[in-house]
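Work through these exercises with the model open. Try each task before reading its solution.

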Amino acid sequence: MSNPNLPNITPTIALSRDDVISLILSSIAMEELGLAHIINAEGEKIQFALGTLASVSGPAASLDQVLQMNQSVQSMMDTIFRQEIMLDSKLRTASNVPSLVGPVGPVGPSGEPSAVLSVNGLSGEVVLTAEDGVFPADPEIPSGTLLSTFREPGVYSSSDPDGPAPQDSPPVDHPAVWTIYVSRTENYVQQLYISNPSIYYRSSQNGGVSYPGGWIQIGNAGVTGPAGIGVTGVTGTTGATGPTGVTGATGVAGATGATGSTGITGATGATGMTGATGVTGVTGPTGLTGLTGLTGLTGATGATGPTGATGATGVTGVTGTTGLTGVTGITGLTGAIGATGPTGATGATGMTGATGATGLTGATGATGPTGATGVTGVTGATGATGITGATGATGATGVTGATGLTGTTGLTGATGPTGATGTTGVTGATGATGLTGLTGPTGFTGATGATGVTGFTGATGAIGATGATGATGPTGLTGVTGPTGLTGATGATGATGMTGLTGAAGVTGATGATGISPTGVTGATGETGATGATGATGPTGSIGPTGITGVTGPDRVRPPAYAFLASTTARSVNDTVAYTFDPAAVIAEDITYNGSTTLTINTAGVYQILFMIVTNYSGNPMQWSVFGGNPPADLGPYRQTSVSGTRNQIQGEYIVNATAGYQIQVVNTSGFSQAQTLITAGDVAGYLMVIRMPY
């Protein structure tokens, strides 16, 4: 494994925030790569001990050597698990640090294809098998699977801790939780069974069909080790969804029942005959003009012929019976669609009844003659209307008598022709409109008062008083309205034509032609007077001085600050005592460290606090708290109980709004002394991390 390419770090280091985050993530990735190489080496160690490592041969390992190998692997894996805890903590913290992301840059050109990599010395298209030095593993085996079915080299683990136990499992405390290592040389199959805290071994010489010796326990079960706190591995990608099963064929559709025949439409009844119309009576002759004669009796209305009888409605044909619904076929292959049944014959349309004959129109009665003018006689019965007689000639109009007593009005004579209308006189010219007077000048606009001083921004200062508005200048005098022009003289009315003589009584003479009546010429419109001049606009008042700009408020965007303390020394901490960290620390601006127990916030803001303490459980409660403030006070405990003799990890997280001078410590608040032990020198026994959140 090559060393990571990290920048030169000197006292004059110049790294941006994003650079620091990238370096932290790069260091985590490099450490994970190193751990991956170590885990691969441990796997090859197991292969060598079991005799399955490709191209390497040697004497078979004894049981004692296998146990020593297992202890060595377990010790190394325990160390790796602890390192994974620290990497997980670093990754979580670094991932939560806000990053000031800039705009996305342009997409760079595609790089050249890389050289072919190798796997365990193999290159090209590599198929990874046990013979190639790769130990296959399957952690998704149902817990109740027979262990004798695992006959090929590999590592197999149960996937359900609460599931059933295999029928051929050795006697262990947790038979549903197991891992089995399998090696094979031709028909010789060896199985190494592990179910904490027990290890068993068995072998077969017939390809795993039978195991004559049964399970042999290896060593005695040791004390249960401390609970692992390894990082949870990345969840594997979800496997592709299997193809959808073939849809079963649709059953054969039942045959459609035959459509019933349409009933016969009944015949339409015959229309009745229209009654005969009465004869129109003869119109009587018109009587002489004078007294209105008696109104003749209204001739009798001819009787309405009888309405023909409506023909009987034809009988509605019988509705055909609905065909039986076919039985629904069994679902399966789509059968052929049954033939459509024949459509029933349409019933015959009933015959339309004959239309009845129209009755004869009665004759109109003759109009009776108009009686002589005189006293209105008794109204007699209306006779038949006789034939209208010829209109008599209108008598001549009598001569108009002399003026005096009004005599009886003679008959109106015929109207003589209308005399010609005299010519309308010329309309006089309209007088000129007088000039419009000048508009007086507009008064001066008063000066605008000075604007008050603007208060400070932040705690908003008082707004300065608004200057007084200048007095409005006087309105200019309205110009004198010019005199209205004289109205032109009305033209003389033309002479009225003479009234024609009254014609002699007799036939009304033809209406005379309408006399010519030209309208006189309209006089010219007088000129509009000139508009008076607009008065001058008064001067605008002066603008008051601008108020003083308030002080700009504080900038709310601050860069983040952070600090990280750790301890690689096992310590014993009494109750209510602050935990001591190593003197070396990762400290950024705005946070100081006293070198042992306390971090001090120098700039107010919102901070995230995280801590972790590894401690032994001896029957007493395990409880730790972060103290914060000035002076520090308990921010709330995190506690845990466990099995006596085990090592446990207590960790917690807080968000605080800290002021300048805010102090932070990790304190034992369990009520008892807490002791620590380290499995490997250099292990992290505790840490404290503080990050200021940007806003």
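**Exercise 1: Two helices**

The model is predicted. In it, the axes of helix α1 (residues 17-50) and helix α2 (residues 63-96) come within 10 Å and cross at roughly 165°.

Task: State how α1 runs relative to α2, roughly parallel or roughly antiparallel.

Solution. Start with the crossing angle of α1 and α2, roughly 165°. Angles over 145 degrees count as roughly antiparallel. Therefore α1 is roughly antiparallel to α2. Next, take the handedness: α1 passes α2 in a left-handed crossing. Finally, sort the residues of this contact by class. The contact of α1 with α2 has 17 nonpolar, six charged and three polar residues.

**Exercise 2: One residue in a strand**

Task: Locate Ser183, decide whether Ser183 is buried or exposed, and list the residues in contact with Ser183 beyond four places in sequence.

Solution. Find strand β5, which spans residues 179-185; Ser183 lies in it. Then check the relative accessible area of Ser183, which is 3%. Buried means under 20%, so Ser183 is buried. Last, set aside the neighbours within four places in sequence. Ser183 is then in contact with Leu50, Thr52, Tyr188, Val189 and Gln190.

**Exercise 3: The whole chain**

Task: Describe the protein chain by its secondary structure, burial, contacts and surface.

Solution. Count the elements: the protein chain has two helices and 22 strands. Turn to burial: of its 695 residues, 29% are buried. Now take the contacts with a separation of 6 or more. Residues 24 or more positions apart account for 74% of them. End with the accessible surface, about 44,100 Å². Carbon and sulfur atoms hold 60% of that surface.

How values were computed
Residues are numbered from 1 along each chain as its sequence is written. This is a predicted model: local features need pLDDT of at least 70, side-chain atom pairs count only at pLDDT 80 or more; totals for chains, interfaces and linings use all residues. Side-chain values use heavy atoms; hydrogens and water are left out. Helices (H or I, at least four residues) and strands (E, at least two) are DSSP runs, numbered from the N terminus. Buried means under 20% relative accessible area, exposed over 50%, partly exposed in between (1.4 Å probe, protein chains only). Contact means heavy atoms within 4.5 Å. Accessible areas come from the Shrake-Rupley method with a 1.4 Å probe; for residues, only the protein chains shown count as cover. Axes are lines fitted to C-alpha atoms, for helices over the stretch in contact, and angles run from 0 to 180 degrees between N-to-C directions. Angles under 35 degrees count as roughly parallel, over 145 as roughly antiparallel, 65 to 115 as roughly perpendicular and the rest as oblique. A crossing is left-handed if the near helix is turned anticlockwise from the far one by less than a right angle, and right-handed if clockwise. Ala, Val, Leu, Ile, Met, Phe, Trp, Tyr, Cys and Pro count as nonpolar, Asp, Glu, Lys and Arg as charged, and the others, Gly among them, as polar.
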